[in-house]
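Me: I should like to go through the structural terms used for this protein and see how each one is justified. Please set every value against its cut-off.

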Amino acid sequence: MSMRLSRDKIIILSYFSGVILAGAALLMLPISWMGPTPLHYIDALFTATSAVCVTGLITVDTALYSIFGQAVIAALIQAGGLGIITFATIYVAIPRKKISLVNRRMIKDFYIDEVEYNPRKIIESILLVTLAVEGLGFLLLYSRFGRLKDGAFIALFHSISAFCNAGFSTFSTNLEGYVGDPLVNITIMLLIIAGGLGFIVFRDLAKTILGRKRYLATHSRIALGMTAVLVVGGAALYFFLESRHSLKGLPFGTRILASFFMSVTPRTAGFDTVAPARLSDASTLLTMFLMFVGASPGSTGGGVKTTTLFVLVMATLRGTDEKGRLAIGRRSISPQAVIKAISIVGKGLLIVFSSTILILLI
């Protein structure tokens, strides 16, 4: 069983590596770049990797890529944001008609907790939600960007980038020119939150709204609750910490809007309306914490996940019973889930610490 799991994961890793290399090759084409100097391969590879891994980090200005190059980046973002979920599902299901127990467990490792015997339902629901949300985001952003040159493409690019929690922007200053624009800010924030909640939550909400279920699942309630706490709590802290720093001089309403945007975007998205370099040390530390937490399971975002943080905090404050279970209201979380949460956070901290030391040495 372990050999099969290892083989499957290696194939998925190979898929992503192949997408990155193909994307880098396309970005190296003359029609992809409009910069004053030739594009180096390492920068094209970095851009492709960042797009597929939806991190939003760049070494060259995205605005210097042509429309074709930016379209390649958008495609890489979409492939990365949805790839872990859709590719894993497609790979383990085809040509089989049903998903085996081994592959069912493998999909759950990728945070797809509700697996149907018919995988087409999973893929169809993922694609339907993606197209619907990104399409609505495009229409809203087009009402603002439509007056610009290539406005339709700019609106589509930012809708994809926001929903997939990528943070790439076709503007050299990201979204700093729209710090006081409610339409752009709220649309981008809602797209980020929608992408960060995950398809499991979307599906559960739909069933509850349509009356197929009476109550939301525990996972959905935790994901929604933690998202609300992190967004509102983060916004309040940013407003308090930055009113005399990066937000100084802005109208009161703009400061509130910018505070919420700063609270939403660090959790794997990477957009900014206020330059991160202007943040105070306390706000920078808060940003790092939000980046580490990330989005919810089964979403387009990364991080250790909101549900993992919830389990860890509750286990720290309440502790577990004699059987290792964590009581949450009338429900309980298994000892395995508690241990897994601790393991994920521990691995995350180890990776961050090791990477920080390596970057300082380099």
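Me: Why is Thr254 called buried or exposed?

Reply: The model is a predicted one, in which local features need pLDDT of at least 70, side-chain atom pairs count only at pLDDT 80 or more, and totals for chains, interfaces and linings use all residues. Residues are numbered from 1 along each chain as its sequence is written, and side-chain values use heavy atoms, with hydrogens and water left out. Buried means under 20% relative accessible area, exposed over 50%, and partly exposed in between, with a 1.4 Å probe and protein chains only. Thr254 has a relative accessible area of 15%, and is therefore buried.

Me: Where does Thr254 lie, and what does Thr254 touch?

Reply: Thr254 belongs to helix α10, residues 252-264. Helices (H or I, at least four residues) and strands (E, at least two) are DSSP runs, numbered from the N terminus. Leaving aside residues up to four places away in sequence, Thr254 touches Val179 and Gly180. Contact here means heavy atoms within 4.5 Å.

Me: How many helices and strands does the protein chain have, and what share of its residues is buried?

Reply: The protein chain has 13 helices and two strands. Of its 362 residues, 47% are buried.

Me: What makes His158 a buried residue, and which residues does His158 touch?

Reply: His158, in helix α6, has 0% relative accessibility and so counts as buried. Its contacts, not counting residues up to four places away in sequence, include Leu141, Phe145, Phe168, Phe171 and Phe271.

Me: How do you know that Arg144 and Asp181 form a salt bridge?

Reply: A salt bridge is a side-chain nitrogen of Lys or Arg within 4 Å of a carboxyl oxygen of Asp or Glu. The side chains of Arg144 and Asp181 meet at 2.4 Å, N to O, which satisfies that limit. Arg144 is in helix α5 (residues 119-145) and Asp181 in the loop between α6 (151-163) and α7 (182-197), so the pair ties together parts that are 37 residues apart in sequence. Arg144, at 22% relative accessibility, therefore counts as partly exposed, while Asp181, at 13%, counts as buried.

Me: How many salt bridges does the structure hold, and which residue pairs with Asp204?

Reply: The structure holds two salt bridges. Asp204 pairs with Lys213, and their closest N and O atoms are 2.4 Å apart. Asp204 has a relative accessible area of 2% and is therefore buried, whereas Lys213, with 28%, is partly exposed.

Me: Why is Arg203 described as buried, partly exposed or exposed?

Reply: The relative accessible area of Arg203 is 23%, and so this residue is partly exposed. Arg203 is found in helix α8, residues 199-209. Its C-alpha atom is separated by 10.0 Å from that of Ile122, 81 residues away along the chain.

Me: Why are α9 and α12 called roughly parallel or roughly perpendicular?

Reply: The axes of helix α9 (residues 218-242) and helix α12 (residues 306-318) come within 9 Å and cross at roughly 90°. Axes are lines fitted to C-alpha atoms, for helices over the stretch in contact, and angles run from 0 to 180 degrees between N-to-C directions. Angles under 35 degrees count as roughly parallel, over 145 as roughly antiparallel, 65 to 115 as roughly perpendicular and the rest as oblique. The two helices, α9 and α12, are therefore roughly perpendicular to each other. Their contact involves residues including Ile222, Met226 and Leu230 of α9 and Leu309 and Phe310 of α12.

Me: What is the phi value of Lys305, and why is Lys305 called buried or exposed?

Reply: Lys305 has a positive phi of about 90° although it is not a glycine. Lys305 sits in the loop between α11 and α12, and at 5% relative accessibility it therefore counts as buried. Thr268, another residue other than glycine, has a positive phi near 90°. Thr268 is in the loop between α10 and α11 (281-293), and its relative accessible area of 14% makes it buried.

Me: What makes Ile31 buried or exposed, and which residues form a nonpolar patch with Ile31?

Reply: Ile31 has 53% relative accessibility and therefore counts as exposed. Ile31 is in the loop between α1 (2-27) and α2 (41-52). Leu26, Leu29 and Phe68 form a nonpolar surface patch with Ile31, with about 330 Å² of accessible area together. Patches are made of residues with over 30% relative accessible area and no salt bridge; like charges are joined within 9 Å, and nonpolar side chains (Val, Leu, Ile, Met, Phe, Trp, Tyr) within 5 Å. Accessible areas come from the Shrake-Rupley method with a 1.4 Å probe, and for residues only the protein chains shown count as cover.
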